[in-house]
Amino acid sequence: MSDRKQVVVVPPYELHHAAREVLTPEFAIVEPSADPDQLAKALAGAHALVGLVSADVLAASPVLEVIGIPGSGWDQIDVAGATARGIPVVNAAGAQHAAVAEHAVGLMLSLVKRIAVSDRLFHAEKRFVGRDHFTGDAWPGWPEELGGKTIGIIGFGFIGRDLARKCRLGFDMTVLAYDPYVDPDEVARQGVAPVADLDRLLGTSDFVSLHLPLTQATRHIIGERELRLMQPHSYLINLSRAGTVAEEALVRQAGSTSCRSSRKAARASSSKPQAEQPASAVRTDGRYPAASSHTSSRCPRRACPLTCASFMTGTIHVASPSRRNTRASSRLNA
Ligand SMILES: NC(=O)c1ccc[n+]([C@@H]2O[C@H](COP(=O)([O-])OP(=O)(O)OC[C@H]3O[C@@H](n4cnc5c(N)ncnc54)[C@H](O)[C@@H]3O)[C@@H](O)[C@H]2O)c1
């Protein structure tokens, strides 16, 4: 039996080859299948877990020292349980911001230029149908430009800031940001208007883009009331977790006559599509399982070594509430 500490990759996660290279010299990498016996055996000796860690997985890991999230959201980790046992939870916020921010820009361009809807129409009709590419019940009006439009960003962390920079410098957009946890002066320093009142951001933005974690406080932060506050022509982009938007309300609002039929929504879930989610009655331009952070250079599996290695070097983002904004100096292999 190896005396190296064990990093267990929780299925269905798979370790990226770059992660393997970083971890192999110092740690034994264990990659069990989902078979309950094999998994239980692996968890029993796990010093570090990489992947999604439920309360059951946590309870089955008695010698655990750290949990590494191959991503930035910690909604699928039992952070409270880990905190109660003094186990730090480290995430990879900052490892994927460019990939996700670029994806948001891609969705915005697809919406205003009617790229996806034109493609669908062309393939359905098997011919070029001219102006109908750009008009119709759900997509009235000609394509637009991003320049001069206003984007309201909810959540001004790694992704929100990068998106703000891209919109401001790349597209001459006005950028508003709502994030009660970020110093407004810091927001302003980045050429972005801090908005303390979410309702005001919703009412004045042409695009609203969500980049905040899914927590009890943020679940359904965009609901029926908030959707009503948005301008009739505005677009909603959600590249955070699906649960931040009340999807039934979105479907109702977009289908209602009180909301002009021009309301469009790009909704992309970074979690798996949920069976209980309503089939979309809304003509959306992006209701699909998003792979926004899965680029060749930035995929979350590649971010694993960042989380684990940063824990070992002491430069980490700690998601456990009682340890937020602290630095850990303990070494996994100490
Ligand atoms: N689609 C994808 O592939 C993908 C990839 C990475 C992350 N994400 C999601 O995006 C989220 C943001 O990622 P990030 O890397 O920018 O994280 P981050 O931690 O750097 O930033 C999140 C920001 O949200 C803010 N926030 C928290 N509660 C808020 C609230 N009630 N209202 C407004 N702002 C609030 C925080 O203060 C923080 O500044 C993640 O939590 C994750 O759920 C999705």
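What follows is a conversation between a trainee and a mentor about how a predicted model is described.

Trainee: Let's start with the overall picture. How many helices and strands does the protein have?

Mentor: This is a predicted model, and its secondary structure comes to twelve helices and twelve strands. Of its 334 residues, 41% count as buried.

Trainee: Why is Leu43 called buried?

Mentor: A residue is called buried if 20 or more other C-beta atoms lie within 10 Å of its own. Leu43 has 24 other C-beta atoms within 10 Å, so Leu43 is buried.

Trainee: Where does Leu43 lie, and which residues does it touch?

Mentor: Leu43 lies in helix 2, residues 36–44. Leaving out residues up to four places away in sequence, Leu43 touches Val8, Val57, Ala60 and Ser61. The C-alpha atoms of Leu43 and Val7 are separated by 9.5 Å, and these two residues are 36 residues apart along the chain.

Trainee: Val8 belongs to a sheet, I think. What makes strand 1 and strand 2 a pair?

Mentor: Pairing needs at least two bridges between the strands. Three bridges join strand 1 (residues 6–9) to strand 2, and the two run parallel. The bridge partner of Val8 in strand 2 is Val30. Strand 1 also has three bridges to strand 3 (residues 48–50), again running parallel, and there Val9 has Val50 as its bridge partner.

Trainee: What is the order of the strands in this sheet, and which stand at the edges?

Mentor: Five strands form an open sheet in the order 2-1-3-4-5, with parallel pairing. Strand 2 (28–30) and strand 5 (89–90) each have a single partner strand, so one side of each is left without a neighbour in the sheet, and these are the edges.

Trainee: And what lies between strand 1 and strand 2 in their β-α-β unit?

Mentor: Helix 1, residues 17–23, and the unit made by strand 1, helix 1 and strand 2 is right-handed.

Trainee: How do you know that helix 5 has the span expected of its 17 residues?

Mentor: At 1.5 Å a residue, helix 5 should span 24 Å, and its end C-alpha atoms are 24 Å apart, so the two values agree. After helix 5 comes Arg114, with a positive phi near 60 degrees.

Trainee: How does helix 7 do on the same test?

Mentor: Helix 7 (residues 158–171) has 14 residues and reaches 19 Å from first C-alpha to last, close to the expected 20 Å. Just after helix 7, Asp172 has a positive phi of about 55 degrees. Among the buried residues of helix 7 are Phe158, Leu163 and Cys167. The buried residues of this helix pack against helix 5, strand 6 (150–154), strand 7 (174–178) and strand 9 (207–210).

Trainee: Which residues touch the most other members of the largest nonpolar core?

Mentor: That core has 72 residues, and Leu49, Ile67, Ala104, Ile153, Val175 and Ala177 touch the most other members. Helix 5 (residues 97–113) gives the most to the core, with nine residues. The core draws at least three residues from each of domain 1 (6–94 + 296–323) and domain 2 (97–281).

Trainee: What does Ile67 touch?

Mentor: Not counting residues up to four places away in sequence, Ile67 touches Leu49, Val53, Ile77, Ala82, Ile87 and Val89. As background, nonpolar side chains tend to be buried together in soluble globular proteins.

Conventions
Residues are numbered from 1 along each chain as its sequence is written. This is a predicted model: local features need pLDDT of at least 70, side-chain atom pairs count only at pLDDT 80 or more; totals for chains, interfaces and linings use all residues. Helices (H or I, at least four residues) and strands (E, at least two) are DSSP runs, numbered from the N terminus. A residue is buried if 20 or more other C-beta atoms lie within 10 Å of its own, exposed if 12 or fewer, and partly exposed in between; C-beta atoms are placed from the backbone. A nonpolar core is a set of buried Ala, Val, Leu, Ile, Met, Phe, Trp, Tyr and Cys residues joined through C-beta atoms within 7 Å. Domain bounds come from an automatic or database domain assignment. Two residues are in contact if their C-beta atoms, placed from the backbone, lie within 7 Å. A crossover is right-handed if, with the strands pointing away from the viewer, the path from the first strand over the helix to the second runs clockwise. The expected span of a helix is 1.5 Å times one less than its number of residues.
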